[in-house]
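Hello,

Here is the structure I promised to pass on to you. Have a look at it first, and then read my notes below.

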Amino acid sequence: MHAQLQQPQDGANRLRLADVRPACGPKVRALFLHCASAFSPADILGLVAACPNLQVLSLSECTVDDALYNP
């Protein structure tokens, strides 16, 4: 369990799109979304699009579909 990313009482996800989105931008070269089950594939694509200089994307515990592989 990742105490900073999950509620210890019920396992609910603490990672929120509204918290991550403002940190995205042209200065971001690596984006690590760990325990990202609260994000849809469309959310992840939006974050990637907001980071035009992104070189590394690391995802765990998230939903991935064809749209994410073929944007």
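**What turned up**

Let me start with Ser-60: setting aside neighbours within four places in sequence, Ser-60 is in contact with Leu-33, His-34, Cys-35 and Ala-36. Ser-60 sits in the loop between strand E2 (56-59) and helix H3 (66-69). Its relative accessible area is 19%, so Ser-60 counts as buried, the cut-off being under 20%. Please keep in mind that this is a predicted model.

**The overall layout**

The chain has 3 helices and 2 strands, and along the sequence they follow the pattern α-β-α-β-α. Strands E1 and E2 run parallel and are joined by 4 bridges. In this pairing, Phe-32 stands opposite Ser-58 in E2. Together, E1, H2 and E2 make a right-handed β-α-β unit.

Two figures describe the chain as a whole. Of its 71 residues, 28% count as buried. If you take the contacts between residues at least 6 apart in sequence, 55% of them join residues at least 24 apart.

**Helix H2 and its two sides**

Which residues of helix H2 (residues 41-49) are buried? They are Pro-41, Ile-44 and Leu-47. These three cover an arc of only 120° around the axis, and therefore lie on the same side of H2. Ala-42 and Ala-49, on the other side of H2, are exposed.

Ile-44 deserves a separate word. This residue of helix H2 has a relative accessibility of 0% and so counts as buried. Leaving out neighbours within four places in sequence, Ile-44 is in contact with Phe-39, Leu-59, Cys-62, Thr-63 and Leu-68. For one of these partners I also have the backbone separation: Ile-44 and Thr-63 are 19 residues apart in sequence, and their C-alpha atoms are 9.3 Å apart in space. Cys-62, another of the partners, is partly exposed, with a relative accessible area of 22%.

**The nonpolar core**

The largest nonpolar core has 13 residues. Those with the most contacts inside it are Leu-15, Val-20, Cys-24, Leu-33, Ala-36, Phe-39 and Leu-47. H1, strand E1 (30-33) and H2 each supply at least two residues of this core.

Leu-15 comes from the segment before helix H1 (17-20). With a relative accessible area of 16%, Leu-15 is buried. Leu-15 and Ala-38 are 23 residues apart in sequence, yet 7.0 Å apart in space from C-alpha to C-alpha.

Cys-24 touches Leu-47, Ala-50 and Cys-51, not counting residues up to four places away in sequence. Leu-47 is thus a name you will meet twice, as it is also one of the buried residues of H2.

**The cysteines**

How many disulfides does a search of the whole structure find? The search finds 0. Cys-51 is in no disulfide, and the nearest cysteine sulfur, that of Cys-24, is 3.7 Å away. A disulfide needs the two sulfur atoms within 2.5 Å, so this pair does not count as one. Cys-51 is buried, with a relative accessible area of 2%.

If you would like to browse along with these notes, Ser-60 and its contacts with Leu-33, His-34, Cys-35 and Ala-36 are a good place to begin.

Best wishes

Conventions:
Residues numbered from 1 in each chain as written. Predicted model: local features only at pLDDT ≥ 70, side-chain atom pairs only at ≥ 80, totals over all residues. Heavy atoms only, no water. Buried < 20%, exposed > 50% of the residue type's maximum accessible area, 1.4 Å probe, protein only. Contact = heavy atoms within 4.5 Å. Arc of directions from axis to C-beta. Core = buried A, V, L, I, M, F, W, Y, C linked by side-chain atoms within 4.5 Å. Pairing = 2+ DSSP bridges. Right-handed = clockwise from strand over helix to strand, strands pointing away.
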